[in-house]
Amino acid sequence: MQSPTAADVLIIGAGLSGLVAAAEATAAGKKVLVLDQEAEQNLGGQAFWSFGGIFLVNSPEQRRLGIRDGFDLAWHDWLATAGFDRAEDAWPRRWAEAYVQWAATEKRGWLRERGVRFFPVVGWAERGGAGASGPGNSVPRFHVTWGTGPGVVAPFIHQARAAEAKGLLTFAFRHRVNELVLTNGAVTGVRGEVLVASSAPRGQSSSREKAADFELSAGAVIVTAGGIGGNHEMVRKNWPARLGTAPKNMISGVPAHVDGRMLGITEAAGGQLINSDRMWHYTEGVQNWDPIWPMHGIRILPGPSSLWFDARGRRLPGPLYPGFDTLGTLAHIQTTGYDYTWFILTQKIIEKEFALSGSEQNPDLTNKSIFQTLGRVRGGGTPPLRAFLEKGIDFVVKDNLPDLVRGMNALTPEPLLDLAAIQAEIENRDRQLTNPFGKDEQLTAVRGARKYLGDRLIRTAKPHALLDPANGPLIAVRLNIITRKTLGGLLTDLQGRVLGADGQPIAGLYAAGEVAGFGGGGMHGYRALEGTFLGGCIFSGRAAGRAAAGVS
Ligand SMILES: Cc1cc2nc3c(=O)[nH]c(=O)nc-3n(C[C@H](O)[C@H](O)[C@H](O)COP(=O)(O)OP(=O)(O)OC[C@H]3O[C@@H](n4cnc5c(N)ncnc54)[C@H](O)[C@@H]3O)c2cc1C
């Protein structure tokens with residue numbers, strides 16, 4: 001494969017942030033070169049696989065469902081969730097404020113102009129539960145894109161292809177960058193290797209065998225190479241003590257190309273890396289029975305009703321209910337001495353409350369099929385969910401509790417679960433259904449959730465006795481820790497310029513997307529409100545693309 005010639009702007013990474021940066025730079029008339037270590041069939045990176053959940057504030061979709069939201073509430077939620085507490089949080093905090101402003105004003109219209117549309121029911125992710133001053137979303141803000149992840153990337157791929165046709169943009173796939181070239185302190189190009197051609201389908205690991213070396217020069221270089229979630233060694237190395245010891249067993253929520261290599265490569269060129277210990281991994285991962293990438297896990301986006309037990313069968317303490325506090329739950333799990341937990345639920349709950357994250361797990365929304373999507377209201381679960389119930393190795397489905405617990409014990413190296421203890425816990429919970437109020441905090445939360453129309457319609461089952469056979473077979477799901485997002489990253493100013501150890505921009509060097517902590521080296525701080533990553537890639541990619549093209 002022949003390497004292309006020099007460009008005004010060279011972009012490393014053809015994921016969402018790289019594509020958005022390319023769209024902005026070509027719109028400004030610049031000649032752009034986009035390199036990616038993967039083959040063309042991977043165009044779009046992680047965003048293609050994503051659920052397409054987008055954080056919006058005070059949207060028409062929210063208002064139609066009776067949700068009152070605004071910048072002030074969202075910004076308070078963001079600050080309480082991020083918990084910025086470090087000197088180096090100055091730029092991340094500025095990014096966060098600019099981002100929440102954007103989400104409350106221009107974002108939806110800007111995306112709509114590009115053809116992006118949203119599913120009318122807004123999801124309520126990261127509900128918090130630790131009080132009004134604690135982390136979490138006070139109101140639902142998770143807007144699922146009509147067309148999921150592919151629907152988010154499509155407009156930017158379209159723009160890139162149009163620029164390519166005009167001769168303004170060139171893609172160079174299978175080009176893996178190993179080094180940034182510095183000339184008198186400015187980044188002036190990249191060096192790397194051309195990898196052998198690959199026909200591996202999208203998302204699968206491809207060969208790292210080298211075919212040739214390359215060196216390219218450019219007026220500006222934008223790093224948009226993604227995070228570290230596919231590199232478990234790096235995840236463990238950066239694991240923070242506040243989340244306990246790093247899990248021995250994890251599954252991967254991202255493809256292998258999310259390898260974190262460009263972080264070290266950019267550091268070697270003088271870029272400052274901050275908040276490497278801040279990550280966003282989920283606790284509700286199930287092993288994919290039909291894996292695409294290594295250790296492929298799927299994250300369940302759970303509604304609030306499943307009962308959550310640790311590996312020894314103890315119910316997790318409040319407010320660690322499904323979908324409430326991702327990292328609070330992760331930290332708790334890491335104190336139990338085991339890397340997995342259990343949901344126990346009924347057929348009625350799974351049908352209404354389990355969403356599986358990922359474009360391929362939601363063919364109804366991904367294919368924009370109104371008829372299939374209506375199936376969510378009709379009930380019965382989506383076909384991918386039914387496939388997991390039948391074939392997923394983390395699922396146990398039985399007609400009665402003794403068989404269920406026996407099945408759960410059979411899935412683990414030691415039979416740690418005691419039937420009598422679990423039975424007492426569930427019976428005590430079921431007893432609290434006699435009145436429409438009671439002392440079980442999780443049930444109170446479930447009842448509260450159902451006051452929100454969107455939850456009542458498609459996300460929160462009517463409270464019912466788990467042990468009543470009329471509510472369908474009992475289901476247990478073994479939940480694994482699943483890697484996903486990198487919250488820290490390259491320190492950048494609001495133009496996406498990478499800053500060095502002295503806090504000054506490194507001439508010619510920009511970064512955006514997950515590699516830049518979605519802006520500033522970590523605009524989420526310690527935790528996320530969800531649906532903020534795709535938007536963070538778009539917002540930071542746009543800023544870096546404009547700045548690298550000299551647009552103010
Ligand atoms: C299953 C799934 C569901 C998700 N759901 C949501 C959601 O609902 N809402 C949300 O906000 N976010 C979601 N996300 C997260 C979001 O998709 C990602 O954070 C985002 O797409 C990252 O985009 P990026 O451009 O920064 O990086 P990436 O998409 O990782 O792209 C980086 C590209 O750089 C290339 N690259 C890396 N190193 C080199 C190198 N040295 N040389 C050349 N090329 C290189 C890679 O091959 C890759 O193509 C989800 C992610 C997944 C995987």
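**Exercise 1. Domain layout**

State what distance separates the centres of domain 1 and domain 2 in this predicted model, and which residues each domain holds.

*Solution.* Step 1: take the centres over C-alpha atoms; they are 31 Å apart. Step 2: read the bounds from the domain assignment. Domain 1 comprises 7-225 + 260-269 + 487-548, and domain 2 covers 283-482.

**Exercise 2. The contact between the domains**

Find how many residues of each domain are in contact, and describe the side that domain 1 contributes.

*Solution.* Step 1: apply the contact cut-off, C-beta atoms within 7 Å. Then 32 residues of domain 1 are in contact with 27 residues of domain 2. Step 2: look for helices on the domain 1 side. H2 (45-49) and H7 (148-165) each supply at least two residues. H7 gives the most, with three residues. Step 3: sort this side of domain 1 by class. The result is 16 nonpolar, 13 polar and three charged residues.

**Exercise 3. Helix H1**

Compare the span of H1 with its expected value, then decide whether H1 is mostly covered or exposed.

*Solution.* Step 1: count the residues. H1 runs over residues 16-27 and has twelve. Step 2: compare spans. The distance from the first C-alpha to the last is 16 Å, close to the 16 Å expected at 1.5 Å a residue. Step 3: test burial, which requires 20 or more other C-beta atoms within 10 Å. Eleven of the twelve residues of H1 pass, so H1 is mostly covered. Among the buried residues are Leu-16, Val-20 and Glu-24. Step 4: check what follows the helix. Gly-29 comes after H1, and its phi is positive, near 85°.

Methods: Residues numbered from 1 in each chain as written. Predicted model: local features only at pLDDT ≥ 70, side-chain atom pairs only at ≥ 80, totals over all residues. Helix = DSSP H or I, 4+ residues; strand = E, 2+ residues; numbered from the N terminus. Expected span 1.5 Å × (residues − 1). Domains from an automatic or database assignment. Contact = placed C-beta atoms within 7 Å. Nonpolar A, V, L, I, M, F, W, Y, C, P; charged D, E, K, R; others polar.
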